[in-house]
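Student: Could you take me through one helix closely, and then show me what surrounds that part of the fold?

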Amino acid sequence: MKFYDELKDFAGIKKLTREMTDNSLVNLGNYSRIAKTMRKAENGESVCIAFFGGSITAGSAASSSESCFANLVYKWWKEKFPKSDIKFVNAGIGATNSNIGVHRLKKHVLDFEPDFVLAEFSVNDKDDCENRIGGTYSPLDSTAGDCYSASYEAVLRRLLSNDNKMGVAVLFLTAKSTNGPKDSAEKIQCEIANHYNLPSVSCSKGFWNQIESGEMAVEEIWSNDNLHPNDSGHAVIATLIVNMLEKIYADINNDTEYVLPEPFNAKSLEFMNGEIYFENDLTPDSMGSWYRAKGLHCKFVTGFKTEGGGEPLVLTFENVSSLRLLAKMDVAPSGKIKIDVNGVITYIDANFTGGWGAYMWQYPVFENKTPVTVKVTITEIFNKPFAIGAILKA
């Protein structure tokens, strides 16, 4: 097949054995919805496939967008179903975890009405922690919690309970470091995926033993940053996913009903209605010293920004159980904000000391057991620049 012919010369593919490929398929699960999507495509109907995750899904370190695993899997769909108009959505955004994910799920995935979604957040969820509400903190100052595992489940549950009845599969990735496959939230995410009986592909189960034994070289999978796959690594990931899809295609007429189970963790229900608000979604009560800005981030392109001045940005939200800010981190000295949400005070310093660049970090600033109306007052207190990329509400 053309899909395999185009990839056969990559170093990682040359080392990939049938045993490694089969080991990567940790659960075939209930795939009837994916089979239904394949039947639609085989009959010449239009289908939409979406990929949802972090920087690896987005294609970081691949030499081009066409070389990332999501695009390679999309090519397989087009080759397999030439009569169908296959629409493609890559909703991967670097440095985003499943908590950011569940809030942006509607705008970045569900609004496209996909028939099949592959979800990946295992590397960016690896810390399974959330920052403190009320006080001063940095990205490295956090306390243990189950925020990420609950929000990961909410991503899956929200996809599966959508009226579109899409097929869902999951991918577990790992970063190359001294911790090996431990640099991944795969263990807990695999338990959740098994609870929902979802088709699941694990890269570490596929080739980590060969990496440790030296049978497969690190450079045959990862780029120099030891985090993102190179073109060869993306080809390997795509091949593992296509192996799963080929097995489903072999049973394309499977119409076993999918039954949504009870939640794995009841906390996941708290995130089910999460939304992301960009500056053009909001009408502030007062702009103060802030203004609407563009060019903040490659994906969160607009937001609220201040150069200092001390006059607060004031916003009101209704029906709030949880509120989080995506604030732009800078390697250069930058501002600090005081956030008052119904009397709960939090301070955020945007200076990313020793960091690797600018990105949007998530800061929880309010939680309540029952939904309430909140008044949010945001004041920059260092008289220096500060930018807010989006606000997450659940």
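Tutor: Here is a close look at helix α6, followed by its core and its ring pairs.

This is a predicted model: local features need pLDDT of at least 70, side-chain atom pairs count only at pLDDT 80 or more, and totals for chains, interfaces and linings use all residues. Residues are numbered from 1 along each chain as its sequence is written, and side-chain values use heavy atoms, with hydrogens and water left out.

Start with the helix itself. Helices (H or I, at least four residues) and strands (E, at least two) are DSSP runs, numbered from the N terminus. Helix α6 covers residues 69-80. The expected span of a helix is 1.5 Å times one less than its number of residues. For the 12 residues of α6 that gives 16 Å, and the end C-alpha atoms are 16 Å apart, so the two agree.

Next, burial. Buried means under 20% relative accessible area, exposed means over 50%, and partly exposed lies in between (1.4 Å probe, protein chains only). Helix α6 is mostly covered, with 9 of its 12 residues buried. The buried set is Phe 69, Ala 70, Asn 71, Leu 72, Val 73, Tyr 74, Trp 76, Trp 77 and Lys 80.

Now the core. A nonpolar core is a set of buried Ala, Val, Leu, Ile, Met, Phe, Trp, Tyr and Cys residues joined through side-chain atoms within 4.5 Å. In soluble globular proteins, nonpolar side chains tend to be buried together. The largest nonpolar core here has 52 residues. Phe 69 and Trp 77 are among the residues with the most contacts inside this core, as are Met 38, Leu 171, Phe 207, Ile 241 and Leu 245. Elements that each supply at least two core residues include α6, α4 (32-42), β4 (116-120), β8 (167-172) and α11. The largest share, 10 residues, comes from α11.

Look at Phe 69. Contact means heavy atoms within 4.5 Å. Leaving aside neighbours within four places in sequence, Phe 69 is in contact with Phe 51, Ile 56, Thr 57, Leu 118, Leu 171, His 234, Ile 237, Ala 238 and Ile 241. Another core, of 33 residues, lies apart from the 52-residue one. Cys 48, Ala 50, Ala 91 and Phe 172 are among its members.

Then the rings. Rings of Phe, Tyr and Trp (its six-membered ring) pair if their centres lie within 6.5 Å; planes under 30 degrees apart count as stacked, over 60 as edge-to-face and the rest as tilted. The count comes to 14 aromatic pairs. One of them joins Trp 77 and Phe 116: it is tilted, 5.6 Å centre to centre, with 35 degrees between the planes. Trp 77 lies in helix α6 and Phe 116 in strand β4, so this pair ties together parts that are 39 residues apart in sequence. Trp 77 counts as buried because its relative accessibility is 0%. Phe 116 is buried too, with a relative accessible area of 0%.

For contrast, take a pair elsewhere. Trp 290 and Phe 386 form an edge-to-face pair, 6.5 Å centre to centre, with 70 degrees between the planes. Trp 290 lies in strand β11 and Phe 386 in strand β17, so this pair ties together parts that are 96 residues apart in sequence. Trp 290 is buried at 4% relative accessible area, and Phe 386 is buried at 1%.

Back to the helix. Ring pairs link Trp 76, Trp 77, Phe 81, Phe 116 and Tyr 249 into a cluster. Trp 76 and Trp 77 are both buried residues of α6.
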